[in-house]
Each structure stands twice: as structure tokens, then as C-alpha cells.
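Here is a short report on strand pairing, ring contacts and salt bridges. The sequence and structure come next.

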Amino acid sequence: DVGTSSVKALLVSKTGEVVNSATPEYPFQTPKPMWAETDPDVWWEATKRAIRSLLGEVNPNEIVAVGLTGQMHGMVALDGKGKAQTLETANILIATGSEVTPLPGVEIDEKQIVSSTGALSLPKVPKTMAVIGAGVIGLELGSVWRRLGSEVTVIEFLDFVLPGMDGEVQKNVQRILKKQGMNFKMKTKVTGAKAAKTGVTLTMEPRDGGDAETLKVDTVLVAIGRRPFTDGLGAKEAGVEMTDRGFIPVDTDFQTNVEGIYAIGDVIGGAMLAHKAEDEGVVCAEIMAGQTGHIDYDAIPGIVYTHPEIASVGKTEEQLKEAGIEYKSGKYPFTANSRSRCNGDTDGFVKILADKKTDRILGAHVRFDTTTPRHPAWLKKRFAAAADCGEVSITQMNWASSEIVTAVAKFLMEQGYGCE
């Protein structure tokens with residue numbers, strides 16, 4: 001997974017934000033990590049080496065391209081040397097993932113105008129950067145480059161960041177990123193981009209009408225989303241039904257309209273998350289083997305690797321209101337947490353949404369630092385024991401990382417625990 005693995009490697013740069021935010025009230029933040037004394041470009045080269053070590057190199061003997069033959073249960077595989085081999089199998093699983101969604105009028109060259117992949121291999125830290133799209137990828141990579149010294153402007157068509165996230169989280173995230181020095185142009189449409197030796201000039205106009213304007217930057221990151229990677233796969237020729245947007249419809253067993261051909265992950269829609277696809281792959285394999293399997297999509301967490309991090313699992317307040325579900329909300333701000341106050345890092349909070357009548361947990365949303373993670377198993381036992389006694393308390397989450405808290409919330413949701 002290029003995106004998640006790489007952003008995790010880049011997240012180490014968050015300590016730079018702590019250094020920059022040192023104040024007289026929190027002088028103990030001033031000690032700098034080793035890389036803080038290093039030129040950003042030198043540090044970036046070291047980070048790229050770390051990313052390459054995470055991703056590894058493709059083995060030339062591995063299968064690097066696959067396409068359906070158009071015949072039932074047949075496909076052609078190309079190895080790293082371009083040699084074709086026809087394979088016959090009882091079942092075929094399509095899991096080709098997704099690719100960057102292009103933006104009309106903006107041609108990606110992976111040099112000056114880059115995708116999320118190209119943004120991981122820039123030769124140096126750009127002085128100025130424009131990020132088109134305020135979704136997960138745009139904010140993750142935009143905040144990384146901001147902490148490395150770039151002047152970052154995020155351009156978003158909508159009037160809020162992180163579509164699909166809880167509304168309170170959206171507002172909190174944008175406020176914090178603004179405080180970190182990121183600029184936002186909301187309700188703005190990018191209509192074109194012209195690259196030259198001196199930089200890239202973007203043409204923009206207000207979404208709701210108005211005069212066009214331009215913005216000149218060194219680098220442009222296009223992060224408006226991803227689309228299923230199904231072009232050239234041969235799925236249509238094999239009789240597999242596909243939508244106009246390239247998604248592959250499947251039934252509850254992940255089987256397409258063609259018996260014996262299955263699909264999982266980004267190509268079937270839903271949240272484009274590696275761990276969601278992994279769970280679907282496990283369940284699909286069990287079904288192929290004659291067993292049964294099920295996924296509760298409300299219990300699949302999502303993480304945004306900014307600093308502080310964001311994590312979410314289950315329903316948002318907006319989704320519950322739209323569905324007409326009566327709920328109650330419990331919120332714990334980190335301004336009341338001793339560790340956060342000592343570190344001067346009090347911008348975050350934990351919010352739990354529960355059914356108004358049964359107290360069953362419907363959603364959990366977290367926004368905070370990950371300086372003191374607890375082991376997930378320990379937290380699950382602690383929360384489960386408290387739930388059995390009717391004493392689940394949001395304050396018990398104070399010391400956990402965002403990933404750990406969402407893992408615990410997921411566990412409790414699966415077990416049917418409630419929240420006081």
C-alpha cells in the first residue's frame with residue numbers, strides 16, 4: 001500500500017511542528033530532534049530511502065500484469081520479463097485497486113504537477129505548493145510538506161474538508177491546520193494549470209460564480225480522489241458487469257454477475273482503505289472454500305495521518321440525523337487531560353455517539369496526538385470489563401493513540417457494548 005505506508009513514514013516529521021510551536025508557557029518543547037538541525041532536503045532524501053525500504057522492490061519473477069481472457073475462468077498473466085501465460089482456474093478474484101482520478105485541464109507530469117505517488121518522490125522541498133482537494137490524501141501530504149517548510153495552499157470545491165468525516169471533526173481539523181500555517185481556498189474550482197520552468201500557474205474560479213483568478217506555485221498536488229483501476233482488465237469482455245464509473249457490482253458473497261468471478265477492495269466501491277480490502281479478501285476466500293463470512297462495514301475504522309491524527313469508526317452525527325436515529329453524544333476535550341496540558345497539545349478530543357435508548361455505541365471520532373499508545377489487548381479488556389459493569393467512560397481513552405481508540409471502539413461495537 002503506497003499511500004498508507006509512505007505517510008506513516010512521513011508522519012515522523014510531526015515533531016517539527018512541536019518544535020515550531022514552542023512557547024514561553026511550554027519551554028520544554030524546545031529540545032529538537034536530530035533531524036531538526038538538518039537541511040530539509042537532506043532529511044527528505046533519508047525519508048525517501050525509508051519509504052523505499054517499506055515498499056521494497058518488485059521481484060522480476062513475480063506476476064506484474066493480469067487480464068481476463070474473455071473466456072470463463074481464464075486469464076492471461078505477464079511476468080516481469082513480459083512473458084505471457086494463460087491460467088485456468090475455478091475462481092478468479094479481481095482486486096486491482098484504484099488509481100488517481102484525473103482533473104480536466106490539469107495534466108499530471110509527476111514532476112511539477114504530481115499525484116500522491118509523485119509527491120513521495122519530489123527531488124527537493126518546494127517553496128510553494130498548491131494541493132487540489134481537501135480530502136484525506138490532500139491534507140496528509142499537504143501537512144507533511146508544510147511542516148517541512150513549504151507554503152501550502154489547499155484548494156477545495158466543497159465548503160468543508162474531509163468529506164465523509166464527522167462535521168465537528170472537519171471544523172476542528174481545518175482550524176488546527178490553519179494554525180499550523182496551511183492556507184485554504186474553499187468553494188473554489190480549478191479550471192486549468194500551465195507548467196513552465198519557473199513554476200505552475202493555476203487558473204481558478206469561485207464555485208458559485210465570480211471572477212477567475214490565478215495562483216503561481218512551484219508544485220501542484222492533484223488529490224481530488226481515486227477511481228477503480230479496471231480499464232484494460234478484460235472484465236467486460238469476460239461478461240462482468242461494470243458501472244459507468246468503472247466499479248464492479250458484487251453480491252453479498254463478493255461474486256460478480258459471472259459465476260466464479262469475484263471482486264473486492266476499491267473496485268467494488270465503498271471506503272477505499274487497504275484494511276477494508278484485506279478484510280474482504282479474507283471473507284471472500286472463506287466463501288470460496290465453502291465457509292461463511294461477514295463484514296460489519298460500520299466497524300471498519302478510518303485514519304487520517306496528519307498531526308494530530310484523526311480517527312473515525314461507525315456513524316457520524318450527520319449520518320445519524322439523516323437516518324432519523326435518536327442518539328446521544330459524549331465528548332472529552334484534551335484541554336482537560338493532564339498529559340495534553342503538560343505537552344501544550346490540547347487541540348484534540350474524543351467523541352462517542354451512542355443509541356439514546358440502548359446505549360449501544362454507534363460511532364467514535366478521535367482527534368489527538370499519539371505520544372503515549374497503549375496496547376490494544378489491554379484496552380479491550382479494560383473497556384469490556386467496564387462495559388459489563390455499565391461503567392464505560394470516555395476519560396478512559398485519554399492515553400490511547402487514535403488507532404488504538406478506534407480499534408477499541410470497533411471491538412466494543414462488535415460485542416454490542418454500550419457507553420455511559
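## Charges over rings

In this predicted model, K331 lies over the face of F349. The distance to the ring centre is 4.7 Å. A second charge of this kind belongs to R207: its charged end sits over the ring of F157, 5.8 Å from the centre.

Aromatic pairs are another matter. The structure holds zero of them.

## The sheet around K331

K331 lies in strand β18. That strand spans residues 327-333 and is an edge strand, pairing on one side only. Its partner is β19, residues 349-355. The two run antiparallel and share seven bridges. One of the bridge partnerships joins Y327 to D355 in β19.

Both strands belong to an open sheet of five strands. The order is β16-β17-β20-β19-β18, and the pairing is antiparallel. The other edge is β16, residues 302-304. From one strand to the next, the twist averages 10°.

## A salt-bridge network at E168

Which residue forms a salt bridge with K331, 163 residues away in the chain? The partner is E168, with the closest N and O atoms 2.2 Å apart. E168 lies in helix α5, residues 167-179, so this pair links distant parts of the chain, helix to strand β18. E168 is partly exposed, at 27% relative accessibility. K331 is also partly exposed, with a relative accessible area of 44%.

E168 meets a further lysine, K351, in a salt bridge of 2.9 Å, N to O. K351 sits in strand β19, 183 residues from E168 in the chain. Is K351 buried or exposed? K351 has a relative accessible area of 1%. Buried means under 20%, so K351 counts as buried.

The bridges do not stand alone. Through shared partners, D166, E168, E317, K331 and K351 are joined into one network.

## A link between β5 and β14

The salt bridges come to eleven by count. Another of them pairs R227 with E99, the closest N and O atoms being 3.0 Å apart. R227 is in strand β14, residues 226-228. E99 is in strand β5, residues 98-100. The two residues are 128 apart, and the pair links distant parts of the chain. R227 has a relative accessible area of 34%, so this arginine is partly exposed.

Notes:
Residues are numbered from 1 along each chain as its sequence is written. This is a predicted model: local features need pLDDT of at least 70, side-chain atom pairs count only at pLDDT 80 or more; totals for chains, interfaces and linings use all residues. Side-chain values use heavy atoms; hydrogens and water are left out. Two strands pair if DSSP finds at least two bridges between them. Helices (H or I, at least four residues) and strands (E, at least two) are DSSP runs, numbered from the N terminus. Axes are lines fitted to C-alpha atoms, for helices over the stretch in contact, and angles run from 0 to 180 degrees between N-to-C directions. Rings of Phe, Tyr and Trp (its six-membered ring) pair if their centres lie within 6.5 Å; planes under 30 degrees apart count as stacked, over 60 as edge-to-face and the rest as tilted. A charge sits over a ring if NZ of Lys or CZ of Arg is within 6 Å of the ring centre and within 35 degrees of the ring normal. A salt bridge is a side-chain nitrogen of Lys or Arg within 4 Å of a carboxyl oxygen of Asp or Glu. Buried means under 20% relative accessible area, exposed over 50%, partly exposed in between (1.4 Å probe, protein chains only).
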